[in-house]
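Okay everyone, grab a seat and I'll get going. Have a look at the sequence and the model on the screen, and then I'll walk you through a few spots.

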Amino acid sequence: MIYPWLQPALDHWHQQLADGRQPQAMIIHGNYGVGKTALSHAIVAELLCRKPNPEPCGQCQSCRIFASGQHPDLMSVVADNNIIKVASIRSLVNFFTATAHSAPHKVALIKQADYMNTAAANSLLKVLEEPPAGSLLILQTDRIHHLLPTIRSRCVQLKLQINHCQFPMITDWLQQRHPQLSPQELDRLLVLSPGLPLQVDALIEDDVAPQLEAHLSQLHEYLTNQQSLVTVSQYLEQHVNAQQWPLLQAIILHWLKVKYGDNETQIVWPHALYRWLLSQSSASTIMLKMCQLMSSIMVNFNNQTKTRLLIESMLVQIKQTGTLQNQ
Ligand SMILES: [Zn+2]
């Protein structure tokens, strides 16, 4: 079963097949957590099946081999240390040259295709110039604009994006998967990754909400002079990981939206820090500054020394902004 929000994209794919417009190369793109891998998997399963209808039959020899995880007519290329080198693309060329074993099509999947280096991308271009008949090459990426324009123009592009009208469907899906969560708890997590159901699902699995609460409390204690700069910056450096900075930023943005947005935005992250911010005459300036400074921390996260400095600088600057404006 495909995730319900991916059904329109899969229907679109089926329509292309029905119209005799099966592409030989396709880019599936969209944000992390939207379901690119799941959609690729569904398309691959259908193409490898000997009797698709249009879903894979699950019974034929080819389907059974695919289910075992090792299909000779499917090749997956993945990044190694955030890079896809030319050797991987060359082996893909060899793969396409060989005849199919048991499936009606040969399918290759390049995950995180934007990690191809220049040599790999150029090598792939040669494949795209003369794509082998009866085959499909799927490129998956979160960052389509990092692909060469010449690669983009030679592929059919399928963008996965969740519309507002699909939000209730996603809420239902998450609620069914996690019946222990109250609707309020679910709303809190949906605010953090709107339109990215699989990411929200991972946040629930990892029980991230209490950790974020704790981080906000540390910030609050620093701003209300209950904790020192050194203690809180050390805490943030050690406890807020690369995935959590954007989530903290999303909470601050949510607060800004509650303060200035329409009446439809209800607060789902009530916190002592938010109440403290509201008591400041410069609440919005501080919140915007926090968002900006968090962006710098995210960009420099791999540089430990710089991260530490940026965290300290963020703490000093937000406290200073509050103090100055209140004078
Ligand atoms: Zn089958």
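**A walk from the sheet to the zinc**

Let's start with one pair of residues: M75 has A108 in strand 3 as its bridge partner. Getting from strand 2 to strand 3, the chain passes through helix 4, residues 86-97, and this β-α-β crossover is right-handed. Oh, and before I forget, what you're looking at is a predicted model.

Back to those two strands. Strand 2 and strand 3, which covers residues 106-110, run parallel to each other and pair over four bridges. Another partnership there is V77 with I110 in strand 3.

Now, which side chains of strand 2 are buried, and which are not? They alternate: M75 and V77 point to one face and are buried. L74 and S76 point to the other face, and those two are not buried.

Okay, zoom out to the whole sheet. We have an open sheet of five strands, paired in parallel, and the order across it is 2-3-4-1-5. So which strands stand at the edges? That's strand 2 (74-77) and strand 5 (156-159). Each of them has a single partner strand, so one side of each has no neighbour in the sheet. And if you compare neighbouring strands, they're turned by 15° against each other on average, ignoring direction.

Next up, the metal. What holds the zinc ion? Four cysteines coordinate it through their SG atoms: C49, C57, C60 and C63, at 2.3 to 2.4 Å. Along the chain, these donors follow the spacing C-x7-C-x2-C-x2-C. Take C49 and C60: they sit 11 residues apart, and both are in the loop between helix 2 (36-48) and helix 3 (61-67).

Why do we call the site tetrahedral? Because the four donor atoms subtend angles of 103 to 120° around the zinc ion. For reference, the ideal angle for four tetrahedral donors is 109.5 degrees.

And are C49 and C60 buried or exposed? C49 has 1% relative accessibility, so it counts as buried. C60 is buried too, with a relative accessible area of 9%. The cut-off for buried is under 20%.

Last thing, the overall layout. The domain assignment gives domain 1 as 4-161 and domain 2 as 207-326. How far apart are their C-alpha centres? For domain 1 and domain 2, that's 41 Å.

That's me done, thanks for listening!

Technical notes:
Residues are numbered from 1 along each chain as its sequence is written. This is a predicted model: local features need pLDDT of at least 70, side-chain atom pairs count only at pLDDT 80 or more; totals for chains, interfaces and linings use all residues. Side-chain values use heavy atoms; hydrogens and water are left out. Domain bounds come from an automatic or database domain assignment. Donors are N, O and S atoms within 2.8 Å of the metal (3.2 Å for Na, K and Ca); water is not among the atoms, so sites may look incomplete. Four donors count as tetrahedral if all angles lie between 85 and 135 degrees; four count as square planar and six as octahedral if opposite donors are over 155 degrees apart and all others between 65 and 115; anything else is irregular. Buried means under 20% relative accessible area, exposed over 50%, partly exposed in between (1.4 Å probe, protein chains only). Two strands pair if DSSP finds at least two bridges between them. Axes are lines fitted to C-alpha atoms, for helices over the stretch in contact, and angles run from 0 to 180 degrees between N-to-C directions. A crossover is right-handed if, with the strands pointing away from the viewer, the path from the first strand over the helix to the second runs clockwise.
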